[in-house]
Amino acid sequence: MQKFMGLLSGLVGVLFLGFCSGAAAQPADTKVLDAEELKAKVVAITEAQNKVMLKGSSQADVDALFTMYHTDFVYQHQVYGGEYSREKLYANTLRLQALGKYNLTAPRYQIQTQIPGYNAVAVQRVEMQQGVAHHHLAVFEFRGDKVSRIIEYWQ
């Protein structure tokens, strides 16, 4: 019995040490961002998206935007094509850029409202088209300091 108790005590100690060291070695993408960090990330991503859509943007601008996206990033927009992986969105962005489709002379989006939650932000952005304001609702979800999914709710 004494041997069993010694083994049990040792096992509990090993498990405790493993748990403590595991907690210290958490992956960076488990960090929970506070409201101000989330809002700042949305501003930075929106600015980078706007830059990509401006006339004269480069692949470096696209690459800068995509560094803000998590490796398993997904873009969802049911009205305009459904779901896109990071890789597909990147390829489409470069293709459209090469075709000269990104030729805006002013930023596309202006952020109107942000409602931060637990590692996500509901965002209302406005796009001006021929003097008419179009309101776009999106949700930006984060894993660590990178956006893991953007879901658009507008048409």
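**Figure 1. The β4–β5 hairpin in the predicted model.** E127 has H134 of β5 as its bridge partner. This bridge belongs to the antiparallel pairing of β4, residues 120-129, with β5, residues 132-143, which extends over ten bridges. Two residues lie between the strands of this hairpin, and Q130 adopts a positive phi near 50 degrees.

**Figure 2. The β5–β6 hairpin.** Strand β6 covers residues 146-152 and pairs with β5 in the antiparallel sense over six bridges. E141 is bridged to R149 in β6. The connection again has two residues between the strands. Here G144 takes a positive phi near 65 degrees.

**Figure 3. The β3–β4 hairpin.** Strands β3 and β4 are antiparallel and share seven bridges. Within this pair, T113 has Q124 of β4 as its bridge partner. Three residues separate the two strands in the hairpin, where N119 has a positive phi near 55 degrees.

**Figure 4. The six-stranded sheet and its edges.** The sheet is open, with the strand order β2-β1-β6-β5-β4-β3 and mixed pairing. Strands β2 (82-85) and β3 (109-116) are at the edges; each has a single partner strand, so one side of each is left without a neighbour in the sheet. On average, neighbouring strands are turned by 20 degrees against each other, direction ignored. Strands β1 and β6 run parallel and are joined by four bridges. In this parallel pair, Y75 has I150 of β6 as its bridge partner. Strands of a sheet pair through backbone hydrogen bonds, in either a parallel or an antiparallel arrangement.

**Figure 5. Helix α2 across the sheet.** Helix α2 lies across β1, β3, β4, β5 and β6. With respect to β3, the helix runs at about 160 degrees. The view can be placed in the chain as a whole, which has four helices and six strands. Their pattern along the sequence is α-α-α-β-β-α-β-β-β-β.

**Figure 6. The largest nonpolar core.** This core has 25 residues, and those with the most contacts inside it are Y69, F140, F142, V147 and I150. Two or more residues each are given to the core by α2, α3 (59-66), β1 (69-77), β4, β5 and β6. The largest share is that of α2, with six residues. Nonpolar side chains tend to be buried together in soluble globular proteins. In the protein chain, buried residues make up 32% of the 155 residues.

**Figure 7. The surroundings of F142.** Leaving aside neighbours within four places in sequence, F142 is in contact with L33, L38, K41, V42, I45, N119, V121, V147 and S148. Among these partners, N119 is the residue with positive phi in the hairpin of β3 and β4. V147 is, with F142 itself, one of the residues with the most contacts inside the largest nonpolar core.

**Figure 8. The buried face of α3.** The buried residues in α3 are D61, V62, L65 and F66. Viewed down the axis of α3, they fall within an arc of 135 degrees, so they line one face of the helix. An α-helix has 3.6 residues a turn, so residues three or four places apart point the same way. The cover over the buried residues of α3 includes α2, β1 and α4 (86-98).

**Figure 9. L65 and its contacts.** L65 is part of helix α3. Its relative accessible area is 5%, and because buried means under 20%, L65 counts as buried. Beyond neighbours within four places in sequence, L65 contacts I45, A48, Q49 and V52. For one of these partners, I45, the C-alpha to C-alpha distance from L65 is 6.7 Å, with their positions 20 residues apart in sequence.

**Figure 10. T30 beside R143.** T30 is located in the loop between α1 (2-24) and α2 (35-53). With a relative accessible area of 39%, T30 is partly exposed. The C-alpha atoms of T30 and R143 are separated by 6.3 Å, although the two are 113 residues apart along the chain. Over the protein chain, 51% of the contacts with a separation of 6 or more are between residues 24 or more positions apart. The accessible surface of the chain is about 9800 Å², and 60% of this belongs to carbon and sulfur atoms.

Key
Residues are numbered from 1 along each chain as its sequence is written. This is a predicted model: local features need pLDDT of at least 70, side-chain atom pairs count only at pLDDT 80 or more; totals for chains, interfaces and linings use all residues. Side-chain values use heavy atoms; hydrogens and water are left out. Two strands pair if DSSP finds at least two bridges between them. Buried means under 20% relative accessible area, exposed over 50%, partly exposed in between (1.4 Å probe, protein chains only). Contact means heavy atoms within 4.5 Å. Accessible areas come from the Shrake-Rupley method with a 1.4 Å probe; for residues, only the protein chains shown count as cover. A nonpolar core is a set of buried Ala, Val, Leu, Ile, Met, Phe, Trp, Tyr and Cys residues joined through side-chain atoms within 4.5 Å. The arc is that of the directions from the helix axis to the C-beta atoms. Axes are lines fitted to C-alpha atoms, for helices over the stretch in contact, and angles run from 0 to 180 degrees between N-to-C directions.
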